[in-house]
Amino acid sequence: MHSKKINILILSLLISFISMAQSPKRIFTNNLFKGMEARTKADIDNELDKAKVNFEKALVKEPESALANLGLAMVYSYDKYSNKDYTKALVHYNKAYTVQSQFTGGDIAIINDLVLKQDRTRRSRPLSSNMDWLHQQVEDKLIKYIREENNTDYAQRFLKEFPDSKYYANVSHILNYLKFREAENENTVAAFNQFLKNYPESAQVDIAKKMRNELAYKLAISEGSLNSYRNFVTKYPEAAQVEEVKKLMETMAFQEASDKHTLEAIERFIADFPNSSKLSKAKALKQQLLFEWAKRVNTLEAYNKFVSSCPEGIHYIDIFNLKASALAEQIVKEFPAENYKFVKGFDNQQFNDFGGGIAQRPNGELVVAASSRKAEGTMYDSWLLGLDASGKMIWNISLGNRFDDIVNKVSISAQNEIYVAGVTGAIIDSLKGQGWLYKLDANGDNIFNQRIDIDEVLDFVVYPDNKILIAGYSKDSKESTFTPNLVKLNANGKKLWSRAYSSKGKVYSLANDASGITYAAAGNWIFAINQEGYLKWDILLDQSIKYTAVDMNANNKLVFAGLNATGVFASAYNIDGEKIWESPIGISENGNIEQIISLPDHSFVLAGTFNNKIKVVHMDEAGGIKSEKEFCLPQGIKLNDLTATDDNFVAISATRLTGKGDLIVFKMGL
């Protein structure tokens, strides 16, 4: 019952309030105009306060009253009124403006009086013109106030209330400027960042960034830590101070990495500062650390990491030799116990290394030639290694032409020059190319690089006058037959003469004596020629015989070796082609004798590959077998070449037959 009485009372008061409300026209006359005409501040505020209250009462009675909204707009926009609010003024004016069709004749008369009180020149103007003029007055006052007061609340209210105003962009600029000034007065990195986040289209963006960056730079410098420098460069990459900070970072980061003395630290520095002026020092330190790590770990994986990371540099040879020893440890486990001077395994960049030859230089150094690649997808080139007497690599070089280069033979002249021969311009899958021989001086500098007009060089001899006789073959691709070839070059690599013989086959091997006569093993044909290329003698043997190797000892005894119907055998001849003896060798597996060398004691060493194993047979001058040796690996092994060294030792080059073959070099006594 009590609640009901309260509700009735509130309703009665509201009805009373509404009934007491004056009409908007009377409010204009009784209050608004009086306030506008008043002289003192107190009278102005008194009359306009009354007008405001009365217009608000009128709006309670009639919320859409155009004249009441216009009246409130005039109250709030009157400059001398203490409670003026230009934003509210424009809000109310816009409401009146949108419903100006409500205005009656009496309303229009009031509006005309309102206009005339402000501008006598606007007599007898139509309503629409006066309304536009009043709108302009109210809006201009608001814009002026926003500009003069530097009040962000006013600017934000304007943008919220009047998104379609023609002054919207202008006020946005004002607000941006005011907010920029606030950030500028606060003068902190956070304040500028907040401004840039909230007002990214502001005209002050560039100057704000510049000031923000300067502050951030000073903070980073004052902290003086590597982390503070990194944060500055990361957060403000466009800052003008970035390069200066990077230099400070480089110095500090390099010193920090050097002090830590770890691979991780120096690799981080190299990754972070790829263009640093200290990069060369960093790389040198990395190489040293990686070298120390690889030696400490002492595994093939560690050595491979070093080689792939540091293919050049002062530690390359050292690490290569450590890796060669580690590979050798694997190989020796499978090899028979022998009188080894050394066993080494050489792997170039973890790619396939195969074939080639081996020869001894006058100073006892060994030169080993193979075919190898520098990188994935590149062609094969010749890879030369210089080894000292203990098998330690002391130098290596790669040389080649445009396509694959396959190395078969290496030889050293009396002048310590290096000759390498095989096939060039080939594609490894088909191996069709052209015979090839190049010559280097004692220091490894190129003398000539010569293509030979045959399909492949299998062997060659160098005469005392440095002329070269080359043996090989040409292939008839249509008939799949081979024609034996000899080509002679002068000391500069120019062709002197060539011979293509009518018999079928290949010239596999050559040996020469002090008088310049050369002896050739060409399958079932063996012969001797003088330096002009004319036959001194030749012997055509049964088709079941295939001689593939020949050599001569210091007593001018020739030994040819190969296959006959019963297996491997060797035959001795004198320099006139007369057979001295023939000796069977107990090898019947698939394969062939590929090399013969004579030793200082006049004995001979025969070697070849049989069922992926290397067989080495030591024979005396009379054809007696002194020893037989077999070398095998689980993956298979193939003979490349062998050469005599000092004290009846032989050095052998071989290929371990894996998907990525390795070069094996070992030296042993017989």
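**Notebook: helix α5 and the whole chain**

I began with helix α5, residues 86-98, whose 13 residues should span 18 Å at 1.5 Å a residue, and whose end C-alpha atoms are 18 Å apart, which agrees; the expected span is 1.5 Å times one less than the number of residues. I note that this is a predicted model, in which local features need pLDDT of at least 70 and side-chain atom pairs count only at pLDDT 80 or more, while totals for chains, interfaces and linings use all residues. Residues are numbered from 1 along each chain as its sequence is written, and side-chain values use heavy atoms, with hydrogens and water left out.

I then looked up which residues of α5 are buried (under 20% relative accessible area, 1.4 Å probe, protein chains only), and found Tyr86, Thr87, Ala89, Leu90, His92, Tyr93 and Ala96. Their cover, taken from contacts (heavy atoms within 4.5 Å), includes α3 (41-61), α4 (66-77), α7 (127-149) and α8 (152-161).

Turning to the whole protein, I counted 17 helices and 28 strands, these being DSSP runs (H or I, at least four residues, for helices; E, at least two, for strands) numbered from the N terminus. The radius of gyration, taken over C-alpha atoms, is 52 Å, well over the 26 Å that the globule rule gives for 670 residues, so the protein is more spread out than a compact globule; that rule is 2.2 Å times the number of residues to the power 0.38. Along the principal axes, the C-alpha atoms fill a box of roughly 150 × 60 × 55 Å. I also recorded that buried residues make up 51% of the 670 residues.

Note on methods
Buried < 20%, exposed > 50% of the residue type's maximum accessible area, 1.4 Å probe, protein only.
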